[in-house]
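I opened this model to look up a few points on domains, chain contacts and helix packing. My entries follow in the order I made them.

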Amino acid sequence: MKRGLVLFDPAEIPAGEWSDRVAAVQRELAASGTDVALIYGDVSRSDDIAYLTNLCIYWNEGILAVPAQGEPVFLTKLSPRVFGWMRLVSTLTEIRSGRNFAELVAKFLGPGDGGTVGLIEADLWPGAVTAEIRQALSGWAVRPLTGLVRERRQAPSAAELTLLRRAATALAETADGAAAPGLTDRERIALAERELRGGGFLDVFADTARTGDGVTSVQITGQYRYLWLHASRIADAGGASWPGALRRALAAAVAAAADGATAGDLDRAARPALGELPAGAAADIRLVHHADLATNGEYADYPADRPVPAGSVIVVGIDVRLADRTHASLAETVLVTDDGPVVLTGQPDPAEAGGPVR
Amino acid sequence: MTTNHDGGADAAERALRLGRVRSAMAAGGLDALLAFAPAWRRENVRYFTDAPLAGTASFALLTAADADGVSAFSTRRADLDSIAGRGWVTDTQPLSVRAPSALIERLASAAPARLGVAHYELLPEILLSELTRALPRTEIVSATGLMDDVRLVKSDWEIARMRQAAGVVDAGWNAFVDALRPGLPEHGIVAAVEAAIKGLGAEDNFMLIASGGDEVRGMTAPTPRLLAQGDMVRTELTPQLNGYWLQICRSAVVGRASDAQRRSFDLFNEAVEAGIAAVHPGVTAHEVARAQNDVFRARGLGEYCTSQYTRVRGHGHGLHIDETPIIEGNETELPENAVFIIHPNTYTPIAGYHVLGDPVRVTRDGAEILITTERKLFEGATR
């Protein structure tokens, strides 16, 4: 649940960048003959809406309507009593509330001869909501649109990168602290909450895992403003030798995260070191765009041969599942550049990777 | 604060739940029930699995043909192992939202004539279309209300869990008061509370906050506002422990309370007490809300009980934070062992938005307050 700091600071992202983002979407709408795009969000995943407005849906659901011309309007079931706060922490000037999304959308579009309404990532909207909207908008063509906002979010702007670097420093320090020897699992999680929420993170998901042979790992996903990062650390090897191989495998996967690399490339780079895992263990080499961390990449679609372009921020991680169904993981948040990967949340030993990692 | 699993009691609880659900399914003419859990509404899958969930999408499936069987599906591999380890389901399967073959095959094999989907209203189009394509002769209906009704009355096993959660609630409030000092930003309070309750095993927390004087009209997520001497700091704080959410509503003053803040507390405390006094088995949500609102009306403050200033006069608790709304007009009956918070939180001109409330269990002859935190206007440190 969202309960950390919600902040809208024009010094962090200039006003022109916010309007440019909306304008870029509007150009795509105009090019595709779409009069209005609708973007759905709920408390667990609303980053497209935040990218365009900085609005945090701290509870419930909402729809952002982006007309091909004009200002975006937020449609919500939340009470007008919170509109003042929503305007204070976002670029929004107009917010409308009601009991039913279909009625809100129909009222927003108003009477007329109809046109074309695009549902961005319609396949991830609640099907019941899309059905109601289609029914309410007689005279309008309602069609699905691709994840055009999400695609824009994958490569952060210079201003966003500044925020990500700031957040990554805090997350890395916190992850190291939470992975320190001698702490209980709860102490590791409590430390992460105290440090990151105290440092202005909006959301924190900290957890620990312990394998049957005593390897403890700490996983921390954090949201700073509307941007996401993740790091996982081995807190205690428990006498097992394979965590060293896991570290080498992660370093190799990270080193492979060059401009144009694919998930398959990362997998191939990491596999040799994973031969040292215990018998029966399975390893999953993960590549998740930071833009998809709200869902841990579970709603995304990453073909193994799709290249990751320079400028992307991704999480490179390895999840290990031992034969006894216990787990461990290691992961870093990585900026992919023309010159190679830059680990934002840590600094793997270059010697382990067989090459320099900046 | 963790729960020690008791095999016998756990098995009895599981059997009780399956019995309740199957009775409701029979009454509703359902051949199968599919509980869907998006990341923010996991209560129904948790009801069937008793395991913590982190995946973005999860399901639990019951069919009328398999009397004791429950299948679980999740997008998160670690969830499946956690669910299997708990032992409440008969099988687990990974779920891909873009290729949900295991789920679809299981449903197609069951071929129900009428399928109820709990949280049908939140089911992504990509999954709903797969269901309808795989089950062309099946009537698919919402079972969200069915599961809300099933979960309304808590078993003794659940009440025991909620009592454990109450301990974390009390500790969270203590951490809140201990943190207060001039110059601390609102989000610094949240950090202190989170560290305290996570250290006690809380899985999650829902929390709103507001600080300031009589200009405060409601609560939001925390801001960077720095606390000042004389501020009243309001919160609703709702830790989740072992699946169960429980809330406390309190206000505290940084330094010494003013006369207006004390008068405001007295008013809200009277409203809470009126709400508690109204509780008995079978009382309606409307009656509990009206008892609270009448206290304001008697003082000419009735307008502050309207939607212009406030939302509800409380709400149910359990595996979800915000169950049955306690609001005038809601004729839902609250039977023995229903659990909800009574909170007349609203704005008045006396001292601004005021937050006060206790979670209660409906007992045979009244209400049991589940937390031990004193109901008073707290005064925090002045350092």
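**Domains of chain A.** I started with the domain assignment of chain A, in what is a predicted model. It gives domain 1 as residues 15–150 and domain 2 as residues 158–353. I then looked up how far apart their centres are. Over C-alpha atoms, 33 Å separate the centre of domain 1 of chain A from that of domain 2 of chain A.

Next I checked where these two domains touch. On one side I find 10 residues of domain 1 of chain A, and on the other seven residues of domain 2 of chain A. Helix α2 (residues 47–53) of chain A gives the largest share of the domain 1 side, three residues. By class, the domain 1 side has four nonpolar, two polar and four charged residues.

**Two helices in chain A.** I looked at helix α4 (residues 101–109) and helix α5 (residues 127–136) of chain A. Their axes lie 8 Å apart, and the packing angle is about 40°. Angles from 65 to 115 degrees would count as roughly perpendicular and those under 35 as roughly parallel. α4(A) and α5(A) are therefore oblique to each other. I noted the hand as well: the crossing of α4(A) and α5(A) is right-handed.

Which residues make the contact? From α4(A) I list F101(A), A102(A), E103(A), V105(A) and A106(A). From α5(A) come V129(A), E132(A), I133(A), Q135(A) and A136(A). Sorted by class, the contact of α4(A) with α5(A) has seven nonpolar, one polar and two charged residues.

**Where chain B meets chain A.** I turned to the contact between the chains. Here 44 residues of chain B are in contact with 41 residues of chain A. On the chain B side, α3 (77–86), α5 (125–134), α8 (186–199) and β7 (204–212) each supply at least two residues. α8(B) provides the largest share, eight residues. I count the classes on this side of chain B as 21 nonpolar, 12 polar and 11 charged.

**A closer look at α3(B).** I asked which residues of α3(B) are buried. They are A78(B), D79(B), L80(B), S82(B) and I83(B). What covers these buried residues? The cover includes β12 (327–337) of chain A. From chain B, it also includes α2 (43–49), β2 (57–63), β3 (71–74) and β4 (91–94). Last, I checked what follows the helix. G87(B) comes after α3(B), and its phi is positive, near 85°.

How values were computed:
Residues are numbered from 1 along each chain as its sequence is written. Chains are lettered from A and ligands numbered from 1 in the order in which they are written. This is a predicted model: local features need pLDDT of at least 70, side-chain atom pairs count only at pLDDT 80 or more; totals for chains, interfaces and linings use all residues. Helices (H or I, at least four residues) and strands (E, at least two) are DSSP runs, numbered from the N terminus. Ala, Val, Leu, Ile, Met, Phe, Trp, Tyr, Cys and Pro count as nonpolar, Asp, Glu, Lys and Arg as charged, and the others, Gly among them, as polar. Domain bounds come from an automatic or database domain assignment. A residue is buried if 20 or more other C-beta atoms lie within 10 Å of its own, exposed if 12 or fewer, and partly exposed in between; C-beta atoms are placed from the backbone. Axes are lines fitted to C-alpha atoms, for helices over the stretch in contact, and angles run from 0 to 180 degrees between N-to-C directions. Angles under 35 degrees count as roughly parallel, over 145 as roughly antiparallel, 65 to 115 as roughly perpendicular and the rest as oblique. A crossing is left-handed if the near helix is turned anticlockwise from the far one by less than a right angle, and right-handed if clockwise.
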